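Me: I'm just starting to read protein structures, and I'd like a close look at a single part of this one. Could you walk me through it slowly?

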Amino acid sequence: MAENGEEETGSVEASGFSDLSDSELLEYLDLEDTQESSASLSKPGPSSELPGKDDKLTSLPKWKRGLDVSSPMERFHLKYLYVTDLSTQDWCEQQMVYGKELPGFLAPEKAAVLDTGASIHLARELEVHDLVTVPTTTKEDAWAVKFLNILSMIPVLQSEGRIREFPVFGEVEGVLLVGVIDELHYTAKGELELAELKTRRRPMLPSEAQKKKDCFQISLYKYIFDAMVQGKVTSASLIHHTKLCPDKPLGPSVLRHARQGGFSVKSLGDLMELVFLSLTLSDLPVIDILKIEYIHQETATVLGTEIVAFEEKEVRGKVQHYMAYWMGHREPQGVDVEEAWKCRTCNYADICEWRKGGGVPSSILEPLAKKVK
């Protein structure tokens, strides 16, 4: 409870929502058609209620997760996860689950925070390179644009230049993780540094709990990027998880953009072959330094920086624990008593099964109650 004093009670940052990388917000909006989120989960039915007074949720749908034999990956129709899905679990797994079960329930002030953060990211990106809009009509086209971006950035990294918004993807514990690295550049000593930008609504550094999840997020970026440049990520794995059709012809806009970049391709498979070959033969180094930069949204003032020590064993342990939920091997968990202060700014506090069960999911408590009777 020592962190109570430093938490911004009532603020958006204190809710764990700042976990969502502004880069990955843009990535999500661009590729949301590939995730195929269940429309039925976002619409109220006879067994659920909409937010009541003050936008507070009053009840959950009457269906029980404990009776659902499918895994969360299957239930939410997810082909892959974003890195920020896991970092949000690091803040509060139960909160993250409610966010999936009740999509669209986003307070206006939180949406504004994301919009502002995305604008700052865009300004930073335009400092490094121009942006070109490439119309896409299929998920293969959308992924093709990602691959073209990677192909254009590899030579810049090879010449020790600076790049922004580098897409990363790789299989971790049987699940495909996708993300976007804010920035990669070399230090004066020639070390490859990953710089993650985090915008803050208030002119103050985050609490230790928030720093902890931010550190986990960029550690995952390094874990995936390193695997990519070491040849550990395969096209077969990517196709298996995303269900992409490598032989499907690319759209005219994507083909035109590819030709302008000097790439003679016809299908997504052609591009994938180029990307994995380029990553393998590029001799790009693994990431040496992880840095987080906190910036005040209103003034763009740098509030401070954090250098993160990469602890692979700890990262793998956390990933295994979080993936166990997604694979359906365990129930979602809320925060420990010591971190119950997080509930004060959570939109789902009034309907939280974890809180009502005193730290145990209600789906586990109910059978016990029946047995006592």
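Me: Let's look at the hairpin of β2 and β3: how many residues lie between the two strands, and which residue in the turn has a positive phi? Please then follow the strands outward from there.

Reply: Happy to! Please keep in mind that this is a predicted model.

Let's begin at the turn. The hairpin of β2 and β3 has two residues between its strands, and the turn residue with a positive phi, of about 55°, is E173. On either side of this turn, β2 (residues 163–172) and β3 pair in the antiparallel sense, with nine bridges between them. To find one of these pairings on your screen, look for R164, whose bridge partner in β3 is E183.

Now stay with β3, which covers residues 175–186. Is this strand mostly covered or mostly open? It is mostly covered: 12 of its 12 residues are buried.

β3 has further partners to visit. One of them is β1, a strand made of residues 81–82. β1 and β3 run parallel and are joined by two bridges. Here Y82 has V178 as its bridge partner in β3. The other residue to look at in β1 is L81. With 0% relative accessibility, under the 20% cut-off, L81 counts as buried. L81 and V178 are 97 residues apart along the chain, yet their C-alpha atoms are separated by 6.2 Å. Leaving out residues up to four places away in sequence, L81 touches several residues of the chain, including V175, L176, L177 and V178, and also M323 and W326. Contacts across long stretches of chain show up in the whole protein too: among contacts between residues at least 6 apart in sequence, 75% join residues at least 24 apart.

Next comes β4. β3 and β4 run antiparallel and are joined by four bridges. One pairing to look for is Y186 with L192, its bridge partner in β4. These two strands also form a hairpin, with five residues between them, and there G190 takes a positive phi near 85°.

What about the cover around β4? Nine of its nine residues are buried, so β4 is largely enclosed by the rest of the structure. It is also a good place to see a general pattern: in a regular strand the side chains alternate between the two faces of the sheet. In β4, the residues L192, L194, E196, K198 and R200 point one way, E193, A195, L197 and T199 point the other way, and all are buried. Notice that this list includes residues such as E196 and K198 as well as L194.

From β4 you can step across to β5. These two strands run parallel, with eight bridges joining them, and K198 has Y294 as its bridge partner in β5. β5 (residues 289–296) in turn pairs with β6 (residues 302–308) in the antiparallel sense, over six bridges. Along that pairing, E293 stands opposite T305. The hairpin of β5 and β6 has five residues between the strands, and A300 there takes a positive phi near 60°.

For a contrast with buried β4, look at the loop between β4 and α6, where you will find R202. Its relative accessibility is 37%, so R202 counts as partly exposed. The C-alpha atoms of R202 and T299 lie 10.0 Å apart in space, although the two residues are 97 apart in sequence.

Finally, let's return to β2 and β3 and look at F166. Not counting residues up to four places away in sequence, F166 touches I150, M153, G179, V180, I181, L184, F225 and M228. F166 also belongs to the largest nonpolar core, which has 71 residues; F166 is among the members that touch the most others, along with L86, F147, F169, L184, F225 and W326. This fits a broader tendency: in soluble globular proteins, nonpolar side chains tend to be buried together.

To place all this in the whole molecule, the protein has 12 helices and six strands, and 52% of its 373 residues count as buried.

How values were computed
Residues are numbered from 1 along each chain as its sequence is written. This is a predicted model: local features need pLDDT of at least 70, side-chain atom pairs count only at pLDDT 80 or more; totals for chains, interfaces and linings use all residues. Side-chain values use heavy atoms; hydrogens and water are left out. Two strands pair if DSSP finds at least two bridges between them. A nonpolar core is a set of buried Ala, Val, Leu, Ile, Met, Phe, Trp, Tyr and Cys residues joined through side-chain atoms within 4.5 Å. Buried means under 20% relative accessible area, exposed over 50%, partly exposed in between (1.4 Å probe, protein chains only). Contact means heavy atoms within 4.5 Å.
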